[in-house]
Amino acid sequence: MLRVLSLGAGVQSSTVLLMSCKGILPKLDSAIFSDTQWEPKAVYAHLEWLTDEAARHGIPVHRVTEGNLRQDAIDFQKFSKSADGKRYASMPLFVLNPDGTGGIVRRQCTSEYKIKPIERFIRRNLLGLKHGEHAPRDVVLEHWFGISADEPQRMRMSRHLWQRHVYPLCNVPDDYLPKPMTRRGCLAWLAEHYPDREVPRSSCIGCPFHSDDEWRRIKADPESWADAVDFDRQIRSMEAMKGQVFLHAKRIPLDQVDLRTDTEKGQLELWRHECQGMCGV
Ligand code: SF4
């Protein structure tokens with residue numbers, strides 16, 4: 001039975017890989033990172049370190065890619081297909097229709113740029129299947145995911161007979177850990193075992209799902225911020241739509257979004273100003 005991790009190189013999947021390196025979790029046969037070619041530099045630097053660390057413990061980290069999501073998304077916005085006409089990089093972008101109503105573009109990027117390249121690599125390179133060849137009908141592979149116990153809604157059953165999905169941090173389906181781990185638990189474990197390492201958040205620089213916290217982090221890196229603002233400008237008008245398209249949920253240009261925290265806006269910090277539970281309300 002092969003054990004393979006989908007590696008996002010963020011907090012949770014890094015924890016799973018490093019726990020496997022340390023023997024806290026069963027030994028993985030390999031980990032696979034699917035590269036959208038649009039992650040922050042900190043993620044690529046962390047991935048380099050992870051690759052070396054895993055190699056020291058006999059776990060190869062493979063990189064696969066479907067192409068450059070940023071460029072493909074721009075081409076898709078303009079021409080409804082990527083430059084080579086093969087990929088459909090639709091991101092969950094926010095749309096402002098001419099009548100003032102809002103919409104959102106259907107998300108295909110996760111499937112096309114994250115899930116399919118990894119499944120293809122597993123079938124061709126790990127199972128040795130040729131194009132169109134039938135996969136085994138028995139389970140021959142555990143496919144691990146770094147999903148933590150605070151996000152169980154992201155767990156999925158495998159669609160294929162030849163693999164079963166395993167969520168080690170949720171203890172699904174096996175009790176690999178004494179108890180499930182949340183993202184906060186992963187951060188605490190990483191801080192204890194790798195105190196000198198800061199594990200970045202992993203996602204595309206211009207992911208429309210960023211919270212304002214995440215946008216503030218992106219803005220703190222001038223290069224990434226300039227990249228996201230430029231992308232936001234380039235996708236404004238979409239071939240297939242009458243409305244305007246935006247990266248931020250407010251449906252205004254990214255560099256015009258007020259990303260200040262409530263404190264920076266001078267609003268009350270309710271928790272700091274609470275009455276310490278004395279009056280019972
Ligand atoms: S991080 Fe966001 S933009 Fe990138 S593949 Fe995932 S959903 Fe799409």
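Trainee: Which residues surround the ligand?
Mentor: Let's start with this shell, where a residue counts if one of its heavy atoms lies within 4 Å of the ligand. This is a predicted model, in which local features need pLDDT of at least 70 and side-chain atom pairs pLDDT 80 or more, while totals for chains, interfaces and linings use all residues. Residues are numbered from 1 along each chain as its sequence is written, and side-chain values use heavy atoms, without hydrogens and water. The ligand is surrounded by Leu-69, Met-91, Arg-107, Cys-109, Thr-110, Ser-203, Cys-204 and Cys-207.

Trainee: How many residues of that shell are nonpolar, polar and charged?
Mentor: Here Ala, Val, Leu, Ile, Met, Phe, Trp, Tyr, Cys and Pro count as nonpolar, Asp, Glu, Lys and Arg as charged, and the others, Gly among them, as polar. Arg-107 and Thr-110 both belong to the shell. The shell divides into five nonpolar, two polar and one charged.

Trainee: Which residues have the most contacts inside the largest nonpolar core?
Mentor: A nonpolar core joins buried Ala, Val, Leu, Ile, Met, Phe, Trp, Tyr and Cys residues through side-chain atoms within 4.5 Å, buried being under 20% relative accessible area with a 1.4 Å probe on protein chains only. The largest one has 31 residues, and its leaders in contacts are Leu-5, Leu-7, Leu-17 and Trp-144.

Trainee: Which element gives the most to this core?
Mentor: Elements are DSSP runs numbered from the N terminus: helices (H or I, at least four residues) and strands (E, at least two). Those giving two or more residues are α1 (11-21), β2 (30-35), α2 and α5 (183-193). With six residues, the top contributor is α1.

Trainee: Which residues of α1 does Leu-7 touch, beyond its neighbours within four places in sequence?
Mentor: Contact means heavy atoms within 4.5 Å. Away from α1, the partners of Leu-7 include Ala-31, Ile-32, Phe-33, Leu-47, Leu-50 and Val-61. Within α1 (11-21), Leu-7 is in contact with Ser-13, Ser-14 and Leu-17.

Trainee: How many residues of α1 are buried?
Mentor: Val-11, Ser-13, Leu-17 and Cys-21 are among the buried ones. The cover over them includes β1 (2-6), β2, α2, β3 (61-65), β6 (141-145) and α5. The helix is mostly covered, and its buried count is 11 of 11 residues.

Trainee: Which residue with a positive phi follows α1?
Mentor: Look just past the end of the helix, where phi is near 80°. The residue there is Gly-23.

Trainee: How many residues does the second, separate core have?
Mentor: Among its members are Trp-225, Ile-235 and Leu-247. Cys-204 belongs to this core and also to the shell around the ligand. The second core has 27 residues.

Conventions: Buried < 20%, exposed > 50% of the residue type's maximum accessible area, 1.4 Å probe, protein only.
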